[in-house]
Amino acid sequence: MEGSSQSGRERSENSRGLNSSGVVDRNSRLCYDSGFSDVNCLKDQQDRRTIGNNSSSSKDVSLRHWLDNPERNVDVLECLHIFTQIVEIVNLAHTQGIVVHNVRPSCFVMSSFNRVAFIESASCSDSGSDSCEDGLNSSSSPLPIESGIVSDSSCLQSSSGHMVQTLEANKNRQVEEKKHTFPMKQILHLETNWYNSPEEVDGAPGTCASDIYRLGVLLFELFCTFNSSDEKIATMSCLRHRVLPPQLLLKWPKEASFCLWLLHPEPSSRPKMGELLESEFLRTPRHDLEEREAAIELREKIDEQELLLEFLLLIQQRKQEAVENLQEIVSFVSSDIEEAFKMQTTLKIKGGSSLEPAKRLNPRRTDITEDDDSESSGSRKRFRLGTGEESDGHQDESQKPERQIEYKGSILAKSSRLMKNFRKLETAYFMTRRRVVKTMDKSTSRRCQTSTECRSSGTATERSSLSNLSSKRGCKEDGQSGFINSYLEGLCKYFSFSKLEVKADLRQGDLLNSSNLVCSLGFDRDGEFFATAGVNKKIKVFEYNSILNADRDIHYPVAEMANRSKLSSICWNGYIKSQLASSNFEGVVQVWDVTRSQLFMEMREHEKRVWSVDFSVADPTMLASGSDDGSVKLWNINQGVSVGTIKTKANVCCVQFPVDSGRALAFGSADHKIYYYDLRNSKLPLCTLVGHNKTVSYVKFIDSTTLVSASTDNTIKLWDLSSCTSRVLDSPLQSYTGHMNVKNFVGLSVADGYIATGSETNEVVIYHKAFPMPALSFKFNSTDPLSGDEVDDSAQFISSVCWRGQSSTLVAANSMGNIKLLEMA
């Protein structure tokens with residue numbers, strides 16, 4: 001009966017009118033409104049829960065379900081205990097001048113300890129007289145009941161005649177009722193008629209005497225069991241005429257006599273509530289009932305203690321897990337510290353006497369190195385030494401070498417950035433460290449499996465066992481030192497630069513042109529020239545050094561090539577220096593000879609706008625393009641036609657060849673995914689990268705197996721293609737956040753582990769692949785065409801970025817057409 005139990009629990013917690021937990025005056029209280037005496041919800045102050053070895057129902061159950069259980073056996077003390085609790089509830093209402101009306105089994109629930117709770121509010125009169133007239137204008141006739149759920153009016157009517165809604169029963173209750181022997185829908189429908197007093201049937205309003213009659217019907221049901229619904233209905237109909245079953249008269253004569261007293265047709269002949277409470281029927285078993293009550297209270301206390309014990313054990317378990325996790329963290333942090341000390345000592349030994357000139361040249365720097373072997377407080381001491389807060393030297397600040405002052409400033413800047421980003425650096429450290437541990441565990445597991453196979457075949461020897469042990473230790477040490485070196489390299493690169501500086505502004509003569517958005521930038525093979533292309537339908541090529549060194553009002557391109565349509569992308573050939581590919585909004589792919597400023601080749605196989613083109617570095621005759629028509633086309637520039645096509649279901653926004661291969665290709669799509677293909681088998685992707693929530697706008701290879709993707713979901717993600725074992729990769733190595741990109745294509749470029757991207761806040765943002773937060777950023781300010789002053793224009797965004805080879809210099813452009821050469825410093 002879980003459904004009904006759950007329903008009873010919900011109603012008992014939310015809409016109780018009268019409530020009892022055995023001793024009513026301890027757990028119940030009455031409240032009334034000033035307009036009319038209405039019994040509001042009274043909260044049960046004890047949490048009824050299950051004791052594991054208790055054979056009773058595990059949850060609250062409706063008294064109606066409990067009574068109609070065909071397997072129920074009559075226990076005198078149990079029935080009297082239940083009846084006494086209900087009498088006390090009704091008496092509590094009567095002392096407040098309230099007629100309960102709903103003294104019916106469907107309006108009570110029982111806990112596993114036979115605690116009875118009233119789960120409905122009740123109407124009552126404002127009369128305090130013994131008659132307790134409630135002023136009801138209508139009788140409590142039942143409404144149709146659906147699926148065995150008690151109707152709103154079957155339990156209660158308000159003083160104005162309107163129905164007071166009750167909580168909906170749980171759907172599971174319907175399932176339970178279908179399994180029940182008695183048809184609950186029919187029983188509940190008839191229950192109201194069974195419990196109506198004779199005067200109420202004649203149309204008179206209900207009084208306190210009517211509640212006494214209902215208590216008589218309830219007592220009868222407690223001591224009388226039935227084998228079928230027909231028998232129950234027939235017997236309950238006879239009860240109105242005070243005809244009791246013979247078996248009840250024979251087995252329970254005292255209880256039958258008491259029922260007849262309560263069921264007297266004349267209200268005045270029924271006992272008052274005081275007489276009922278003082279009657280011998282309820283006073284005689286008082287001692288037994290008190291013992292039962294004490295036993296129940298003891299069981300409840302034991303139950304509460306079990307709940308407390310369970311709670312404490314759960315806390316202990318969780319804290320123990322936290323301790324174990326913390327111990328594991330401290331363990332591998334300690335091992336990393338030990339490994340770092342070992343590496344440092346090795347470097348010192350290798351350096352030997354070469355440290356002496358360094359001491360003479362920069363004594364402060366050497367002090368810092370020597371202090372590295374101190375305890376944990378040494379890190380703070382080294383910082384103070386480096387910053388000059390503690391020093392044994394007596395040299396005046398004005399006499400310090402300039403390089404020492406610069407070093408001091410560098411330490412201060414790095415420490416400030418370190419503490420500002422400490423949490424993120426820590427998170428990145430643990431994420432990377434756990435990946436190393438997992439990799440080492442997998443490797444160890446494979447070796448263990450191999451070792452087991454060897455032992456099972458009988459070929460393992462003592463020497464091979466020692467060799468395996470040695471290889472395990474060596475692999476662990478190599479993996480650990482490899483991780484330290486990798487993390488240290490990332491940390492050093494993250495702190496190598498502190499800002500982005502403007503090396504030059506590219507000033508063009510058409511700044512006032514409203515259609516000057518730069519969609520693509522690119523450096524040639526040697527970094528001597530860079531090209532720009534965008535919605536002005538022109539490809540402009542500039543010489544890097546002349547822009548960097550010349551202080552001119554206007555910079556003119558060394559080559560300019562006009563197009564019939566807006567340009568979306570450009571890419572230089574990595575082998576043929578003067579060759580440049582472009583794509584436009586009409587779906588045309590073109591190859592240009594920059595030296596002659598002439599069109600070399602034009603390919604028109606795409607049906608819609610082409611977003612991206614890319615030359616293969618490994619095979620400079622191979623060109624790829626991605627289009628809104630959902631296709632990626634592969635071109636051979638010696639043939640002038642496509643040599644392969646990959647069809648997809650969504651727009652293709654970017655394409656990229658790996659650095660070292662012309663046989664693989666990655667592209668990003670509007671379906672939020674990145675596809676990696678082996679071009680020798682282009683029917684199915686070799687790997688599908690899933691993790692972005694919006695269109696993938698750019699993909700770039702850091703190396704042959706590491707890929708960076710950008711999306712308009714505000715993130716950049718780092719992927720390890722070597723970890724793709726099942727054609728789908730849904731776990732990026734890193735997710736970079738700190739820029740804003742929800743609408744536009746803002747550019748992406750990678751070089752030497754640094755990732756440059758634009759932002760819709762008109763900023764250039766630099767990440768390092770090791771850490772998820774920005775390392776550097778630079779805000780573009782718009783130039784007022786009249787005054788020449790820079791103004792902050794938040795409506796603009798960075799539209800393209802490109803590194804100059806593997807250097808620390810990049811070129812960036814925004815949506816206004818402003819182009820700047822920036823350098824990390």
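**A guided tour, starting at Q734**

Begin by selecting Q734, which sits in strand β25, a strand spanning residues 734–736. You are looking at a predicted model. Is Q734 buried or exposed? Its relative accessibility is 5%, so Q734 counts as buried, the cut-off for that class being under 20%.

Now show what surrounds Q734. Leaving aside residues up to four places away in sequence, Q734 touches M431, I716, K717, L718, K769, A770, F771 and P772. Three of those partners, I716, K717 and L718, bring you to the next stop.

**A loop after β23**

Select strand β23, residues 716–720, and follow the chain towards β24, residues 728–729; R727 lies in the loop between them. What is the phi of R727? It is near 70°, a positive value in a residue other than glycine. Most residues other than glycine have a negative phi. R727 has a relative accessible area of 43%, so it is classed as partly exposed.

**A second positive phi**

Jump next to H101, in the loop that runs between α4 (76–95) and β2 (108–110). H101 is not a glycine, yet its phi is positive, at about 70°. With a relative accessibility of 13%, H101 counts as buried, whereas R727 is partly exposed.

**The annotated repeats**

Colour residues 603–645 and 689–723: an unreviewed UniProt entry annotates both ranges as "repeat: WD". Zoom in on residues 689–723. How much of this stretch is helix, and how much is strand? The chain here is 0% helix and 54% strand, and the C-alpha atoms at its two ends are 11 Å apart.

**Two helices crossing**

For a helical stop, select α9 (residues 208–223) together with α10 (residues 229–239). Their axes come within 12 Å and cross at roughly 145°; the crossing is right-handed. Which side chains should you display here? On α9, V217, F220 and E221 make the contact, and on α10 the partners are K232, T235, M236 and L239. By class, the residues of this contact comprise 4 nonpolar, 1 polar and 2 charged.

**Zooming out**

Finally, bring the whole protein back into view, with its 22 helices and 34 strands. Of its 825 residues, 48% are buried. Taking contacts between residues at least 6 apart in sequence, 58% join residues at least 24 apart. Switch on the surface to finish: the protein exposes about 40500 Å², and carbon and sulfur atoms supply 50% of that area.

Methods: Residues are numbered from 1 along each chain as its sequence is written. This is a predicted model: local features need pLDDT of at least 70, side-chain atom pairs count only at pLDDT 80 or more; totals for chains, interfaces and linings use all residues. Side-chain values use heavy atoms; hydrogens and water are left out. Axes are lines fitted to C-alpha atoms, for helices over the stretch in contact, and angles run from 0 to 180 degrees between N-to-C directions. Helices (H or I, at least four residues) and strands (E, at least two) are DSSP runs, numbered from the N terminus. A crossing is left-handed if the near helix is turned anticlockwise from the far one by less than a right angle, and right-handed if clockwise. Contact means heavy atoms within 4.5 Å. Ala, Val, Leu, Ile, Met, Phe, Trp, Tyr, Cys and Pro count as nonpolar, Asp, Glu, Lys and Arg as charged, and the others, Gly among them, as polar. Buried means under 20% relative accessible area, exposed over 50%, partly exposed in between (1.4 Å probe, protein chains only). Accessible areas come from the Shrake-Rupley method with a 1.4 Å probe; for residues, only the protein chains shown count as cover. UniProt positions are given in the numbering used here, feature names are shortened, and annotations may be inferred rather than shown by experiment.
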